[in-house]
Amino acid sequence: MHHYGVRIGEAFTISFFGVRGSTPCDGRDLQRYGGNTSSVLVDAPGHDPIVLDLGTGSRRLGQRLVGEGVERVTCLLSHLHWDHVQGLPFFPMALRPGTRVDIHGPSQDDGRTIGEAFRDMWKEPAFPVTIDDLPAELTFVDHADDQFAIGDVRITTRTVPHIGHTLGYRLDWNGRSLAYVSDHQQPGVDVYEVSDGVRELCTGVDLLIHDAQYTRDEFGPKAAWGHCTVDYAVWVAIECEVGTVALYHHDPTHDDDLLDEIVTRLRAEHGDAVEIVMAAEGTSLVLGG
Ligand SMILES: [Zn+2]
Ligand SMILES: [Zn+2]
């Protein structure tokens, strides 16, 4: 747990329920950082909770919300790749009648709405339950570059370079700010540039949650797979003058010891310029102060 010296009641609390990219995974060597895929809970006092992505981590996340008696939740989806949506049919908020789940996500390149894309995704023979079978009331909202509000949390969306239309989100609330850029295509091997949209999302935020899929050694053969290096993630954070970067969307082959090694090295190299944390399942960050 990292705290920044402010009462939780006045701060954004960000809780990681899934920090893995690509596919859920497990093993003794992955226990400290966890094997569930992308899902993050954002709590702002006085607000219904906001969920960033519905990967497999959203099963346990939803258990917590149901336990707290939450009746309405907003989900902000970066894109519809499996590792970001696979938890929806197991998301306890979606399985409870009388609950409302508002799902925001990227408009699709082929013109389908995300609701239509979800209906196409969950059907026989891939899965026996359709979106329309889920007992909760689900709503879907498509976005490109956009701005809207959930209560008094201001949300900004921008297209992020990846594979297929992908959004990053910026949340501004009560003087605090958070950017979520889960899957981000680095422009090339050792190329350090960032799109205007991603720059708008990230500039000056307290916390940036960013793709950290590969090491520099791994990146070459996978340079067109939609992701970036840990070094690029930290470069974006420094370039955009963020306070803290949480490295996220860890490759399934990155075990606990390797993730420790990576963060130790990056802190030694860049710790003066930005605070660097390794997102770990079961931990929270509190933004305040
Ligand atoms: Zn992903
Ligand atoms: Zn993806």
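This note covers a zinc site and one strand residue in a predicted model.

1. Ligand 1, a zinc ion, has four protein donors: Asp 83 through OD, His 84 through NE2, Asp 183 through OD and His 249 through NE2. The distances run from 2.1 to 2.2 Å. Along the chain, these donors follow the spacing D-H-x98-D-x65-H.

2. The angles subtended by the 4 donor atoms at the zinc ion (ligand 1) range from 91 to 169 degrees, so the arrangement is irregular. A tetrahedral label would require all angles to lie between 85 and 135 degrees, and the upper end of the range here is 169 degrees. For reference, the ideal angle for four tetrahedral donors is 109.5 degrees. Water is not among the atoms, so the site may look incomplete.

3. A second zinc ion (ligand 2) lies 3.4 Å from the zinc ion (ligand 1). Asp 183 coordinates both ions.

4. Asp 183 and His 249 link distant parts of the chain, being 66 residues apart. Asp 183 sits in the loop between strand S10 (176–181) and helix H4 (196–202). His 249 sits in the loop between strand S12 (244–248) and helix H7 (256–270).

5. Both of these donors are buried: Asp 183 has a relative accessible area of 2%, and His 249 has a relative accessibility of 0%.

6. Separately, Thr 74 belongs to strand S4, residues 72–76. Thr 74 counts as buried because its relative accessibility is 5%, where the cut-off is under 20%. Leaving aside residues up to four places away in sequence, Thr 74 touches Pro 49, Ile 50, Val 51, Asp 102, His 104 and Ile 150.

Terms used
Residues numbered from 1 in each chain as written. Chains lettered and ligands numbered in written order. Predicted model: local features only at pLDDT ≥ 70, side-chain atom pairs only at ≥ 80, totals over all residues. Heavy atoms only, no water. Donors = N, O, S within 2.8 Å, 3.2 Å for Na, K, Ca; no water. Tetrahedral: all angles 85-135°; square planar, octahedral: opposite > 155°, others 65-115°. Helix = DSSP H or I, 4+ residues; strand = E, 2+ residues; numbered from the N terminus. Buried < 20%, exposed > 50% of the residue type's maximum accessible area, 1.4 Å probe, protein only. Contact = heavy atoms within 4.5 Å.
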